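Colleague: I am new to reading protein models, and I would like to learn how the words fit the numbers. Could we go through this one together?

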Amino acid sequence: MSTMHVPATPVVYSMPDVEGVVHALAQFVLTAQHEAILKKGRFTIALSGGSLPKMLRGLIGAPGVQWDKWQVYYADERVVPLDHPDSNHALCRQEFYSKVPIPVENIHTIDVSLLDDLEELCDAYEKDLILQFASKDSARFPIFDLILLGMGPDGHTCSLFPGHELLSEEDRWVAYLEDSPKPPAKRVTLTFPVLNHAARVAFVATGEGKQETLATVLDRPEEGLPCSRIRPLGGLLYWFVDDAASAQIAYPKTEWK
């Protein structure tokens with residue numbers, strides 16, 4: 001008899017300040033890492049850009065991180081050279097990789113030789129994912145141990161924007177857009193099916209500027225903002241926020257322990 005997978009209900013942890021979020025997030029990532037390595041000897045994680053890489057600073061110098069077991073992918077990436085100021089990889093390198101000993105071969109970037117062919121670029125990244133996941137996990141979509149996401153002021157996440165046709169993509173693992181409402185226009189992104197097959201998804205959002213959008217995402221999911229559409233099937237969904245960001249939400253908060 002097949003198991004029915006139910007969409008995850010968000011668990012919201014609200015900390016007094018940003019440093020509280022940084023500390024809790026580090027503990028959370030460590031727990032996810034330990035469980036993944038015990039189970040299958042590796043830890044697959046997808047990262048976003050924006051303020052997220054800086055929020056991982058609680059892991060720098062932390063005991064118990066098995067950096068050599070990390071396999072790092074991008075939830076989305078801008079179609080630019082890897083050293084370009086718009087590159088999520090460049091941002092992650094500046095804020096995170098340069099301060100921790102993740103083996104460079106464990107960081108999976110886009111193939112910059114394909115920047116002029118978005119179809120090929122997506123196919124190449126999908127093939128990289130297939131090498132990591134398909135032979136080991138028999139699912140139709142990759143099952144990441146953890147995907148870490150941010151929330152844009154319009155409720156977008158990855159490069160999945162409100163009202164965009166990519167919101168209805170059901171088959172591809174990696175898709176591209178050439179008309180991002182936020183520059184740069186050309187981007188590649190993991191799709192909802194991949195995001196919603198993860199074992200754990202965690203959003204990180206801080207500051208007063210996030211109040212209205214966070215309230216819409218959590219209290220009025222029927223409005224269909226991209227962040228609201230991430231509800232992992234058979235996985236777990238978390239929000240790590242500060243009290244400034246969560247000031248307007250009616251959604252119940254869970255105490256972080």
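Modeller: Gladly! Let us begin with pairing: two strands pair if DSSP finds at least two bridges between them. Keep in mind that this is a predicted model.

Colleague: What makes β8 and β9 a pair?

Modeller: Strand β8, residues 200-205, and strand β9, residues 236-242, share six bridges in the parallel sense. The rule asks for at least two bridges, so β8 and β9 count as paired. As an example, V204 has F240 in β9 as its bridge partner.

Colleague: Why is the sheet called open, and which strands are its edges?

Modeller: Six strands form the open sheet, with parallel pairing, in the order β1-β9-β8-β5-β2-β3. Its edge strands are β1 (11-15) and β3 (70-74), as each of them pairs on one side only. From one strand to the next, the twist averages 20 degrees.

Colleague: How do you know that helix α1 packs on the sheet?

Modeller: Contact means heavy atoms within 4.5 Å, and helix α1 (residues 18-40) touches β1, β2 (43-47), β3, β5 (146-149), β8 and β9. Those contacts are the reason for saying that α1 packs on the sheet, because touching is judged by that cut-off. The direction of α1 makes about 160 degrees with that of β9. Helix α4 (residues 118-133) lies across β2 and β3, and runs at about 155 degrees to β3.

Colleague: Why is the contact between E35 and R200 called a salt bridge?

Modeller: The N to O distance between their side chains is 2.6 Å. The rule wants a side-chain nitrogen of Lys or Arg within 4 Å of a carboxyl oxygen of Asp or Glu, so E35 and R200 qualify. This pair joins distant parts of the chain, with E35 in helix α1 and R200 in strand β8, 165 residues apart. The count by this rule comes to nine salt bridges.

Colleague: What makes a space a cavity, and how many turn up here?

Modeller: A cavity is a set of points where a 1.4 Å probe fits but cannot get out. Searching the whole structure gives one cavity of 30 Å³ or more. The largest cavity holds about 50 Å³ of space.

Colleague: Which residues line the largest cavity, and which element gives the most?

Modeller: Among the lining residues are Y74, I110, Y125 and V174. The elements giving two or more residues to this lining are β4 (76-78) and β7 (187-190), and β7 gives the most, with three. By class, the lining has seven nonpolar, one polar and two charged residues.

Note on methods. Residues are numbered from 1 along each chain as its sequence is written. This is a predicted model: local features need pLDDT of at least 70, side-chain atom pairs count only at pLDDT 80 or more; totals for chains, interfaces and linings use all residues. Side-chain values use heavy atoms; hydrogens and water are left out. On a 1 Å grid over the protein atoms alone, a cavity is a set of points where a 1.4 Å probe fits but cannot get out, and a pocket is an open set with protein on both sides within 12 Å along at least five of seven lines; lining residues have an atom within 4 Å of a point. Grid points are joined across faces, edges and corners, and a volume is the space filled by probe spheres set on the points. Helices (H or I, at least four residues) and strands (E, at least two) are DSSP runs, numbered from the N terminus. Ala, Val, Leu, Ile, Met, Phe, Trp, Tyr, Cys and Pro count as nonpolar, Asp, Glu, Lys and Arg as charged, and the others, Gly among them, as polar. Axes are lines fitted to C-alpha atoms, for helices over the stretch in contact, and angles run from 0 to 180 degrees between N-to-C directions.
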